[in-house]
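Welcome! Please take a look at the chain and its ligand below, and then we can walk through them together.

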Amino acid sequence: QPDVMDKLVSLCKRRGFIFQSSEIYGGTGSVWDYGPLGVELKKNVKDRWWHAMVRMRDDIEGLDAAILMHPRVWEASGHVAGFVDPLVDCKTCRGRFRADKLEDARCLQKPSKRPGEAEQCQLTEPRQFNLMFKTFMGALEDSASVVYLRPETAQGIYVDYKLVLESTRQKIPFGIAQIGKAFRNEITPGNFIFRTREFEQMEMQFFVDPDGDHMQWFEYWKAERMRWHHALGLADARLHFHQHTAEELAHYARAAFDIQFDFGGTLGFQEIEGVHHRGDFDLTRHQEYSGKKLEYFDQPTNRRFVPYVIETSVGADRVTLATLVNAYREEEVPGEQEGRVVLGLLPAIAPIKAGVFPLVKKDGMPETAHRLADDLRRHFPVFYDDSGAIGRRYRRQDEVGTPFCLTIDGQTAEDGTVTVRDRDTLQQDRIAMDRVREVIGARLEA
Ligand code: ATP
């Protein structure tokens, strides 16, 4: 697949999808802001996940746990001791790299230079570097008040598992889902919003009987999550599973697969979601560290057990990037000299659903167009535009993925119809103005 990342970065800035954080101060390393169109796109991605994972199911409950948690949580989870990357510094290029990713070192990127062999490359011994951000709670900056910004949302679910169970009277198997910010002081962040220091996760923990059909649930969630990515419009050929090798697998994990997406260029296939069978590791550890029983009582069989957990963990930003990479295309337009840039986003996640244009700024066309835009706005985001040639207005909407453009022209006053132009086929149809909402609404549900 071609590398479209640089083009996307500039399109995203120019059209208000994504900006570098604190840009006027020179930017903050690998932290990004979502602009007017980006916030809509990412919100649509998150809403689709929430809809599929919480609203459409009676066996999954939603949660919004706090970012700041009791520091013991991160001892129990293993993050204080184990959430580390081996770090090396290079005295030549002054870069800082992960010892397991030395190919990133700039001074090694010349041909025929292999890690550690290049004469100008002087690497320090690897040091363990914890990826958690630390901060202080309360007025005193002493060690007793150190807290962490959560590096994943999952621990909030484990810690609240008993409270959710008791308040909802769910029975196993059931799940808890949440969307929220996570923070990691990544050593080698980059590739736009692919790997950042502040990001959003959408995680679901599914609690199952350890003596039951837990492997079947694991397979179920693998298939279900892959289906979700397909339904988001990501191309079949760009998606596949990657099974964790024995070395990649966490010591407590029984099985783990990543869903990978082909980002094109040198990045290629990369993880966007993890589906993990975590056994009873997390709840057992929290039981041990908190001293509180986290067992489940199964009435029908009169047994007590710590449930197994099947986890699905996906990055909202990474999936948003995948939808952009997947959607970006440059193409010729029949009968026109200038080509066009199109974001072929699934209509349901496009930030703007319809552009509304008066053909010219006279003969009552702007008034009619405003009325139509105001009516549609109550149902989905629309963009009114009366500036410049109609062709340019279409191009501006193509570039941000708007699936439909509605034009009010001379005929509108006569018969009450408008033209609907389809972003992908370029086909233009006349339909009655009072049917526009229904016609577009149906296409948005797909
Ligand atoms: P990687 O190996 O790419 O760092 P990971 O295996 O550490 O990822 P998990 O801990 O399994 O990732 O996190 C689950 C999901 O959260 C990932 O699939 C990814 O979509 C997202 N994610 C993790 N780290 C980042 C990050 N630094 N920036 C953006 N998204 C991230």
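What follows covers the ligand surroundings and then one sheet with its helices.

Please keep in mind that this is a predicted model.

**Around the ligand**

The ligand is surrounded by 16 residues. Closest to the ligand are F199, G274, S313, G315 and R318. Which elements each supply at least two residues of this shell? They are three strands, β10 (198–208), β13 (269–277) and β16 (308–315), along with the helix α8 (316–327). With four residues, β13 gives the largest share of the shell. Sorted by class, the shell holds eight charged, five polar and three nonpolar residues.

**An open sheet**

Let us turn to the sheet. Five strands make up an open sheet with mixed pairing, in the order β20-β19-β21-β22-β23. Why is one side of β20 (382–384) and of β23 (428–432) left without a neighbour in the sheet? Both stand at the edges and have a single partner strand each, so one side stays unpaired. On average, neighbouring strands of this sheet are turned by 25° against each other, ignoring direction.

Inside the sheet, β21 (residues 404–408) pairs with β22 (residues 417–422) in the antiparallel sense, over four bridges. T407 has T419 in β22 as its bridge partner.

**Helices on the sheet**

Two helices meet this sheet, as the table shows.

| Helix | Strands | Angle to β19 |
|---|---|---|
| α9 (residues 365–377) | touches β19 (354–358), β20 and β21 | about 160° |
| α10 (residues 390–399) | lies across β19, β21 and β22 | about 170° |

Technical notes. Residues are numbered from 1 along each chain as its sequence is written. This is a predicted model: local features need pLDDT of at least 70, side-chain atom pairs count only at pLDDT 80 or more; totals for chains, interfaces and linings use all residues. A residue is near a molecule or strand if its C-beta atom, placed from the backbone, lies within 6 Å of it. Ala, Val, Leu, Ile, Met, Phe, Trp, Tyr, Cys and Pro count as nonpolar, Asp, Glu, Lys and Arg as charged, and the others, Gly among them, as polar. Two strands pair if DSSP finds at least two bridges between them. Axes are lines fitted to C-alpha atoms, for helices over the stretch in contact, and angles run from 0 to 180 degrees between N-to-C directions. Two residues are in contact if their C-beta atoms, placed from the backbone, lie within 7 Å.
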